[in-house]
Amino acid sequence: MLKGLFDQAKAKVSELKTDVLKYKSKDFLHAALGGSALVIMADGDIDASEKSKMMRFIQSNEALSVYDTSEVVKVWKDYLETLELDADIGEAKALDAIGKIKGKEDQARLVMRMVIAIGAADGDFDADEKRVASVVARELGLDPAEFDLN
């Protein structure tokens with residue numbers, strides 16, 4: 001049974017990577033990382049352990065491996081630093097990036113899957129993270145209810 005669950009999880013990660021390959025673009029990367037930064041900052045703060053955990057997630061995530069790791073880290077840090085300096089400006093910048101793939105439903109759904117996966121990476125997809133993920137879904141033109149975010 002455990003092996004079956006492991007195999008299913010591995011297949012989902014592989015499927016996510018294959019999907020990301022289809023949409024490998026600057027707009028997609030920025031939307032995914034902008035949304036991820038928003039969900040990480042959902043509680044208004046990010047401590048050193050959360051940054052470290054996210055860095056490990058970025059470096060080891062198979063779906064993001066289609067991009068140059070240093071580029072992914074640079075883009076993610078830029079969103080995070082902007083959010084830390086000024087939450088309103090950081091949110092506007094991230095939502096602008098997310099909005100660039102609005103109307104591209106397959107890409108938008110994949111960004112949502114990544115945002116939710118990152119929000120749940122610590123094993124607890126809490127109410128603040130769900131609220132932010134709901135904002136991301138609406139910015140993408142998607143119904144948050146489809147992702148159990150209401």
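A salt bridge is counted here when a side-chain nitrogen of Lys or Arg lies within 4 Å of a carboxyl oxygen of Asp or Glu. The model is predicted, so local features need pLDDT of at least 70 and side-chain atom pairs count only at pLDDT 80 or more, while totals for chains, interfaces and linings use all residues. Residues are numbered from 1 along each chain as its sequence is written, and side-chain values use heavy atoms, with hydrogens and water left out.

The structure holds three salt bridges. In one of them, the side chains of Arg109 and Glu146 meet with N and O 2.7 Å apart. Arg109 belongs to helix α6 and Glu146 to the segment after α7, so this pair ties together parts that are 37 residues apart in sequence; helices are DSSP runs of H or I with at least four residues, numbered from the N terminus. Arg109 also forms a salt bridge with Glu105, where the closest N and O atoms are 3.0 Å apart, and salt bridges that share partners thus join Glu105, Arg109 and Glu146 into one network.

Elsewhere, Asp78 forms a salt bridge with Lys93, with 2.4 Å between the closest N and O atoms, and this pair links helix α4 (residues 69-85) to helix α5 (residues 87-99). The charged end of Lys93 also sits over the ring of Tyr79, 5.4 Å from its centre, a description that requires NZ of Lys or CZ of Arg within 6 Å of the ring centre and within 35 degrees of the ring normal.

Helix α2 (residues 26-40) is mostly covered, with 12 of its 15 residues buried, where buried means under 20% relative accessible area, exposed over 50% and partly exposed in between, using a 1.4 Å probe and protein chains only.

Notes: Helices (H or I, at least four residues) and strands (E, at least two) are DSSP runs, numbered from the N terminus.
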